[in-house]
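Visitor: Hello! Could you walk me through this protein, one question at a time?

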Amino acid sequence: MSGNIQLLDDTLAAARAEGRSALIAYLPAGFPTVDGGIEAVKAAFDGGADVVEVGLPHSDPVLDGPVIQTADDIALRGGLKIRDVMRTVREAHEATGRPVLVMTYWNPIDRYGVERFTAELAEAGGAGCILPDLPVQESALWREHAEKHGLATVFVVAPSSKDERLATITAAGSGFVYAASLMGVTGTRESVGEQAQDLVRRTKATTSLPVCVGLGVSNARQAAEVAGFADGVIVGSAFVQRMLDAPDAAAGLAAVRALAAELADGVRGNA
């Protein structure tokens, strides 16, 4: 069974045709529970997200800040397994018909087996993977299996990436390019800043892939700012924080839905 890279491509193209950025939400699998995590992904879509990244919680999350680390810890203490991540992707995609990716560090895939992971993700209806710590020069095996199974390979670029390095990364990727707006870990910020705009400009000079910006966006105003120069706006910590702050599961889902609606307005320039 083939994965849904084409659905991802079509979704991003449709947003561009509407003259706006796509809204990409991030939520970790298994948080606050496996079932609760599935409902949270559906809530993000209900609120207006175009794409959702499902995080595969990891014990050594080099890119994730304290908010997402807290959620990952809850998921891991709850006994989350890769099969639960696949179930999250499957049920969220089947319920919505929307593109769902997995964001994961390389070690869990390496231990699970690349062929097994890509085959199961495609079978679950996944659109691809975001791999923040997989060096492009070590990615041939992953890319071979991802391409075979119809999955996007999304690499992360950073403000420190030199132009030559950007060209190497974007040539190897598919789906979109994840542009980290600043050096550091995930989390909300007061300002997303000029660094992100410069990185998007330099990245676009190397590729026709959409360039989507993450790290730091937490409200409609920031989403509108980033939407002015990026093809997609990625928001994660703000969703997780809303769920952490909620008094119960129902309130958490309502908060995710409401934030997605606010951000969807933002990427449409209505902030």
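Visitor: At the start of α12, which backbone nitrogen does a side-chain oxygen of D248 reach?

Guide: Welcome! Keep in mind that this is a predicted model. Look at the start of α12, where D248 sends out a side-chain oxygen. That oxygen comes to within 3.2 Å of a backbone nitrogen, and the residue that owns the nitrogen is A250.

Visitor: How far apart are the end C-alpha atoms of helix α12?

Guide: Let's work out what to expect. Helix α12 covers residues 249-267, which makes 19 residues, and at 1.5 Å a residue the helix should span 27 Å. The model agrees with that expectation, because the end C-alpha atoms of α12 are separated by 27 Å.

Visitor: What do the buried residues of α12 pack against?

Guide: Start with which residues are buried: among them are G252, L253, A255, V256 and L259. Further along α12, the buried ones include A260, L263, A264, G266 and V267. Their packing partners are two strands and three helices that you can find by number: β1 (22-28), α2 (34-47), α10 (220-227), β9 (232-235) and α11 (237-245).

Visitor: Which residue with a positive phi follows α12?

Guide: Step past the end of α12 and check the backbone angle phi. The value there is positive, near 80 degrees, and the residue is G269.

Visitor: Is L27 buried or exposed?

Guide: First find L27, which sits in strand β1. Leaving aside neighbours within four places in sequence, L27 is in contact with several residues, including A40, V41, A44, F239 and M243. Its relative accessibility is 1%, and a residue under 20% falls in the lowest class, so L27 counts as buried.

Visitor: What distance separates the C-alpha atoms of L27 and N107?

Guide: Along the chain, L27 and N107 are 80 residues apart. In space, their C-alpha atoms are separated by 20 Å.

Visitor: Which residue's side chain is joined to that of S139 by a polar contact?

Guide: S139 is in the loop between β4 (128-130) and α7 (140-148). S139 is buried, because its relative accessible area is 0%. Not counting residues up to four places away in sequence, S139 touches L134 and F155. Its side chain also takes part in a polar contact of 2.8 Å, and the partner is R143.

Visitor: How many salt bridges does a search of the whole structure find?

Guide: Side chains of opposite charge can pair when their charged atoms come close. Some of the pairs here belong to a network that links D163, D198, R201 and R202. Searching the whole structure gives a total of 15 salt bridges.

Visitor: About how many helical turns separate E39 and K42?

Guide: E39 and K42 form a salt bridge, with their closest N and O atoms 3.2 Å apart. E39 is partly exposed, because its relative accessibility is 35%. Both residues lie in helix α2 and are three residues apart, so their separation is about one helical turn.

Visitor: In which helices do R90 and E123 lie?

Guide: The side chains of R90 and E123 meet in a salt bridge of 2.4 Å, N to O. This pair ties together parts that are 33 residues apart in sequence, because R90 lies in helix α4 (residues 82-96) and E123 in helix α6 (residues 114-123). With relative accessible areas of 25% for R90 and 41% for E123, each residue counts as partly exposed. The two helices you asked for are α4 and α6.

Visitor: Is K148 buried or exposed?

Guide: K148 has a salt-bridge partner, E115, at 3.1 Å from N to O. K148 lies in helix α7 and E115 in helix α6, so this pair ties together parts 33 residues apart in sequence. E115 is partly exposed, with a relative accessible area of 33%. K148 has 54%, which makes it exposed.

Visitor: What is the radius of gyration of the protein chain?

Guide: Let's step back to the whole chain, which has 12 helices and nine strands. Along its principal axes, the C-alpha trace spans about 45 × 45 × 30 Å, and 59% of the 271 residues are buried. Because a compact globule with 271 residues would have a radius of gyration near 18 Å, the chain agrees with that picture: its value is 17 Å.

Definitions and conventions: Residues are numbered from 1 along each chain as its sequence is written. This is a predicted model: local features need pLDDT of at least 70, side-chain atom pairs count only at pLDDT 80 or more; totals for chains, interfaces and linings use all residues. Side-chain values use heavy atoms; hydrogens and water are left out. Helices (H or I, at least four residues) and strands (E, at least two) are DSSP runs, numbered from the N terminus. The expected span of a helix is 1.5 Å times one less than its number of residues. Buried means under 20% relative accessible area, exposed over 50%, partly exposed in between (1.4 Å probe, protein chains only). Contact means heavy atoms within 4.5 Å. A polar contact is a pair of N or O atoms within 3.5 Å; within protein, one must be able to donate a hydrogen and the other to accept it, and residues adjacent in sequence count only if both atoms are side-chain atoms. The radius of gyration is taken over C-alpha atoms; the globule rule is 2.2 Å times the number of residues to the power 0.38. A salt bridge is a side-chain nitrogen of Lys or Arg within 4 Å of a carboxyl oxygen of Asp or Glu.
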